[in-house]
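Me: I'm new to reading protein structures and would love some practice. Could we walk through this one together, one question at a time?

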Amino acid sequence: MQPLDDAQVQEIEHHAVEIARGAGEILASHFGRRIEVEFKDDKQRDPVTVADKSTQAYLAAEIARRFPEHGILGEEATKEEQESEEPARDTLWVLDPLDGTTNFLNGLPVFASSIGVIHRGRPVAAALYVPWPTEGGGFVLHCHKGGGCFADDEPVKVLETEQPIPNRLIGLPGYFGVAQRFTGDLANKAGEPRTTGSIAYELAMTARGVMQYAIFGAPRMWDMAGGALAVQEAGGTVMTRFKGERRWHPLDSLVPSWEEKTPTMKELRAWVAPIVAGNHNLAPLIANNVRRRFSLKARLRPLTRALRGKSRQART
């Protein structure tokens with residue numbers, strides 16, 4: 001299978017921008033109003049709203065109409081879609097219709113609608129609608145591989161600095177201070193931490209240079225496929241470390257084994273990997289200077305599980 005040429009990815013980007021803008025209009029029509037809410041978990045910490053569902057339905061319909069030969073991987077999926085063993089299509093639109101649903105529900109305009117397009121595992125185009133205090137109430141951050149990154153028509157760049165700037169913003173997971181720490185000199189000059197509640201939004205802010213870098217512990221593919229390419233095309237680097245790997249490396253393919261074996265849609269839905277996004281200096285520097293905090297409970301957990309297993313075997 002031949003890779004997509006530049007004309008093809010430019011066409012995909014053009015349509016992705018139009019579709020993302022339409023998604024933004026749908027979200028704007030729901031924002032600040034009472035809307036129907038369901039929860040994906042018993043603790044009611046993972047909400048899904050009519051805004052999520054209607055936006056994904058719109059995205060899926062527009063993509064199917066414009067590119068019927070392409071596949072779609074969306075966060076809001078039916079049970080049948082979640083369990084699908086169907087092989088993924090070569091070109092796949094990876095969608096998070098509303099990343100930052102809790103913010104959206106509470107009237108905080110910190111969210112994004114993210115479109116990332118991958119071809120045989122490699123990101124090739126992206127478009128993210130982001131609310132912003134401009135005419136129209138938002139912008140579309142968009143790019144294609146090798147074409148640079150733009151907020152609507154304005155070129156954007158990551159913040160250029162060799163070392164973290166203490167008074168510039170950084171994106172950190174909410175649990176960072178409990179589970180992880182910066183090593184060496186970074187412990188005192190890592191930057192001003194912010195946790196926005198939206199991975200796609202923080203990646204967009206990193207691409208625009210608002211945040212100097214951002215760390216994500218376990219994003220799903222739909223959380224980061226669009227924003228990661230935006231950071232790269234804005235002149236930055238995205239570091240990752242796949243399951244079983246000990247070393248961080250620059251992100252290239254989301255699924256390096258794709259050429260040997262086409263993954264199923266179910267396998268792609270289970271995709272997860274940590275990432276660090278920033279400029280060419282900061283992303284590897286930060287990735288290689290973050291460590292897990294010592295936790296006796298975590299160290300003892302494997303032993304506890306083993307002892308429980310032996311106890312169950314003894315009873316049987």
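**A guided tour in questions**

Reply: Happy to! Keep in mind that this is a predicted model. Let's start with a small spot: Asp152 sits in the loop between strand S8 (149–151) and strand S9 (154–155).

Me: Is Asp152 buried, partly exposed or exposed?
Reply: The value to look at is its relative accessible area, which is 25%. Buried would need under 20% and exposed would need over 50%. A value in between therefore makes Asp152 partly exposed.

Me: What is the phi angle of Asp152 near?
Reply: Asp152 is a residue other than glycine, and its phi is positive. The value is near 55 degrees.

Me: Which residue in the hairpin of S5 and S6 takes a positive phi?
Reply: This hairpin has two residues between the strands. The loop in question runs between strand S5 (112–119) and strand S6 (122–131). The residue there with a phi near 50 degrees is Arg120.

Me: Is Arg120 buried or exposed?
Reply: Its relative accessible area is 12%. The cut-off for buried is under 20%. Arg120 is therefore buried.

Me: How many of the residues of S5 are buried?
Reply: Let's take the strand one face at a time. On one side, Ala112, Ser114, Gly116 and Ile118 are buried. On the other side, Ser113, Ile115, Val117 and His119 are buried too, so S5 is largely enclosed by the rest of the structure. The count is eight of the eight.

Me: Which residue is the bridge partner of Ser113 in S6?
Reply: S5 pairs with strand S4 (residues 91–99) in the antiparallel sense over seven bridges, and Asp96 has Ser114 as its bridge partner in S5. S5 and S6 also pair in the antiparallel sense over seven bridges. In S6, the partner of Ser113 is Tyr129.

Me: Which strands stand at the edges of the open sheet of six strands?
Reply: The order of this sheet is S12-S10-S13-S16-S14-S15, with mixed pairing. An edge strand has a single partner strand, so one of its sides is left without a neighbour in the sheet. The two edge strands are S12 (192–194) and S15 (249–250).

Me: Which residue in S16 stands opposite Tyr213?
Reply: Strand S13 (residues 211–216) and strand S16 (residues 275–279) pair in the antiparallel sense over four bridges. Opposite Tyr213, in S16, stands Gly278.

Me: What angle does the direction of helix H8 make with that of S14?
Reply: Two helices can be followed here. Helix H7 (residues 199–207) packs on the sheet, touching strand S10 (169–171), S12, S13 and S16, and its direction makes about 150 degrees with that of S13. Helix H8 (residues 221–233) also packs on the sheet, touching strand S14 (236–240) and S16. For H8 and S14, the angle is about 135 degrees.

Me: How far apart are the axes of H7 and H8?
Reply: The two helices pack at an angle of about 0 degrees, and that makes H7 roughly parallel to H8. Their contact includes Ile199 and Leu203 of H7 with Met224 and Gly227 of H8 among the residues involved. Their axes are apart by 8 Å.

Me: Which residue has its backbone nitrogen 3.1 Å from a polar atom of the side chain of Ser198?
Reply: Ser198 is in the loop between S12 and H7. Its relative accessible area is 2%, so it is buried. Leaving aside neighbours within four places in sequence, its contacts include Asp99, Gly100 and Phe111. The backbone nitrogen at 3.1 Å belongs to Tyr201.

Me: Which element gives the largest share of the largest nonpolar core?
Reply: That core has 48 residues, and those with the most contacts inside it are Leu141, Met221 and Leu254. The largest share is eight residues, and they come from H8.

Me: How many residues are in the second, separate core?
Reply: Among its members are Ile19, Leu27, Ile63 and Val140. The number of residues in this core is 25.

Me: How far apart in space are Gly107 and Arg33, C-alpha to C-alpha?
Reply: Gly107 lies in the loop between helix H4 (101–105) and S5, and counts as partly exposed at 39% relative accessibility. In sequence, Gly107 and Arg33 are 74 residues apart. In space, their distance is 8.5 Å.

Conventions
Residues are numbered from 1 along each chain as its sequence is written. This is a predicted model: local features need pLDDT of at least 70, side-chain atom pairs count only at pLDDT 80 or more; totals for chains, interfaces and linings use all residues. Side-chain values use heavy atoms; hydrogens and water are left out. Buried means under 20% relative accessible area, exposed over 50%, partly exposed in between (1.4 Å probe, protein chains only). Two strands pair if DSSP finds at least two bridges between them. Contact means heavy atoms within 4.5 Å. Axes are lines fitted to C-alpha atoms, for helices over the stretch in contact, and angles run from 0 to 180 degrees between N-to-C directions. A polar contact is a pair of N or O atoms within 3.5 Å; within protein, one must be able to donate a hydrogen and the other to accept it, and residues adjacent in sequence count only if both atoms are side-chain atoms. A nonpolar core is a set of buried Ala, Val, Leu, Ile, Met, Phe, Trp, Tyr and Cys residues joined through side-chain atoms within 4.5 Å. Angles under 35 degrees count as roughly parallel, over 145 as roughly antiparallel, 65 to 115 as roughly perpendicular and the rest as oblique.
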